[in-house]
Amino acid sequence: MAAGTLGLLILWSLKSPGTALKALSIGILVTFINPAIAPAQPAASLMKWVLLFVASGRIVAARLQRGAVPQWMLSLAGFLTIAATLALFSSAAPGLSLLKLVTFSVGVVATMWGFDGGDIDRQVFANWFLSLHAAVVIFSLPLLFLPFGYLRNGWAFQGLLNQPQALAIYLAPMTVALIHRGFFGQEGRGWVIPLGLASLVCMGASASRTGAVAMGVAGGLVALRKLAMSRPTTQPTRKFGFGKFYVLVISTVLLLLAFGGRITTFATQFIAKGTEVTTFSSVADLKDASASRSGQVEGNLTNFRAHPWVGVGFGMASEGGGGEVDYDPTLGLPLSAPTEPGFLPLAVLGQTGLIGGLAWLVFLLSILIPMATRTTIDLALLGLAALAVNLGEMIFFSQGGLGLQMWILLGFVHACRDR
């Protein structure tokens, strides 16, 4: 089922840059589908890369005809050149580092350059992203009451996708934009608030703190933007309104009546994420709850201390290499070499050192500044949340996973900036 769908998406992606981007966004859902719905197939792991390269080739072919090279591509080329050069000298597996750089660049060019053209209807894609998000939420909700929704570990909700963390990361950017649009937006609609609240239910049941942190960071940065900007550059913000206030109060009361004291227990377990911590009566309890990320942070710091200027090599977990490599059983091609560096800024410093970290920062700012300051509030929330998920789950360079979904959203938001 998955391999056949990806095959059809590959053919569809050849039609136009727009269909190529849509094919990529559907391909992500196919790749991360709940195995109870579509069991994993070895061929699908290879075909997702074929889809990425074919879609990227279609987009590049169309954009080269226009002859214009966007400014962000220069900073991307600078980072890729520096990271590749450093990897040749510092990486335990230079070939693997270069392969990861190639796949990263292909994904970024496809998503960023794909939207940066006059043949893309932004409103059509806004509706497209909203429809995909709504489909994931609507088809996930019934699984709250079925064992299929908790297949990964038996207690955290994964819904339509293959693991709880994936569900929360996928939903977080659109959810924070929906919440703002529903309660404060200029053009809010009656179904926006229920969809946003349903998204929050799915995210809460997943027990993924990464999604919650991403939404909080995006909201905080947008709040700072509102305070810092002397004059509004986006559409005016509508007042909260009595109707929405009543909806919020009634929803809160119903939750309290339905769940009562279990809400406190749920909040504690959400923070503790399945550990034995049930209360936070001491600093030690909080440390125990955050232990799932401490090892990753320490690993990044160890890499940086060992090679502060050049790092241990792009995509490498440590000086010893990039971890276990998964190969296609038929063709013998490398499909993935996953690492779990966690926190993005420290991971970049650990892998590429201060030299590569500075080049990466220049590239990041070239897309972040216009996206954060020259878009509407809803779009800024969408893009910033897509970046902020990397504070707990570094998928910035992962074009074979949910990182590609975040880059699709970033490319869309960046293209929607005012000119």
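User: What makes helix α15 largely enclosed by the rest of the structure?

Analyst: In this predicted model, twelve of the twelve residues of α15 are buried, so the helix is largely enclosed by the rest of the structure. Buried means under 20% relative accessible area, exposed means over 50%, and partly exposed lies in between, with a 1.4 Å probe and protein chains only. The buried residues of α15 are Ile377, Asp378, Leu379, Ala380, Leu381, Leu382, Gly383, Leu384, Ala385, Ala386, Leu387 and Ala388. Their cover includes α7 (164-184), α9 (209-228), α14 (344-373) and α16 (402-415).

User: How do you know that the length of α15 agrees with its number of residues?

Analyst: Helices (H or I, at least four residues) and strands (E, at least two) are DSSP runs, numbered from the N terminus, and the expected span of a helix is 1.5 Å times one less than its number of residues. For the twelve residues of α15 (residues 377-388) that gives 16 Å, and the end C-alpha atoms are 16 Å apart, so the two values agree.

User: What do the same two tests give for helix α2?

Analyst: The 15 residues of α2 (residues 17-31) should span 21 Å at 1.5 Å a residue, and the end C-alpha atoms are 21 Å apart, which agrees. Of those 15 residues 13 are buried, so α2 is also largely enclosed by the rest of the structure. One residue of this helix is Thr19, which is called buried because its relative accessible area is 10%, against a cut-off of under 20%.

User: What basis do these statements have, and how are residues numbered?

Analyst: Residues are numbered from 1 along each chain as its sequence is written, and side-chain values use heavy atoms, with hydrogens and water left out. Because the model is predicted, local features need pLDDT of at least 70 and side-chain atom pairs count only at pLDDT 80 or more, whereas totals for chains, interfaces and linings use all residues.

User: Why is the pair of Phe104 and Trp407 called edge-to-face?

Analyst: Rings of Phe, Tyr and Trp (its six-membered ring) pair if their centres lie within 6.5 Å, and planes under 30 degrees apart count as stacked, over 60 as edge-to-face and the rest as tilted. A search of the whole structure finds 18 aromatic pairs. One of them is formed by Phe79 and Phe314, which are 6.3 Å apart centre to centre with 70° between the planes, and this pair is edge-to-face. The rings of Phe104 and Trp407 have their centres 6.1 Å apart and their planes at 65°, so this pair is edge-to-face as well.

User: What makes these pairs ties between parts apart in sequence?

Analyst: Phe104 lies in helix α5 (residues 94-115) and Trp407 in helix α16, so their pair ties together parts that are 303 residues apart in sequence. Phe79 lies in helix α4 (residues 71-90) and Phe314 in the loop between α13 (291-306) and β1 (326-327), so that pair ties together parts that are 235 residues apart. Phe79 and Phe314 are buried, and so are Phe104 and Trp407. Ring pairs link these four residues with Trp360, Phe363, Phe396 and Phe397 into a cluster.

User: Which members of the largest nonpolar core touch the most other members?

Analyst: A nonpolar core is a set of buried Ala, Val, Leu, Ile, Met, Phe, Trp, Tyr and Cys residues joined through side-chain atoms within 4.5 Å. The largest one holds 104 residues, of which Phe79, Phe104, Phe396 and Phe397 touch the most other members. Contact means heavy atoms within 4.5 Å, and, leaving out residues up to four places away in sequence, Phe104 touches residues including Leu76, Leu80, Phe363 and Gln399.

User: Why is Lys22 said to sit over two rings?

Analyst: A charge sits over a ring if NZ of Lys or CZ of Arg is within 6 Å of the ring centre and within 35 degrees of the ring normal. The charged end of Lys22 sits over the ring of Phe125 at 5.5 Å from its centre, and over the ring of Trp128 at 5.1 Å from its centre.

User: Why is Ala207 called buried but Gly220 partly exposed?

Analyst: Ala207, in the loop between α8 (192-206) and α9, has a relative accessible area of 7% and is therefore buried. Gly220, found in helix α9, has a relative accessible area of 33% and is therefore partly exposed.
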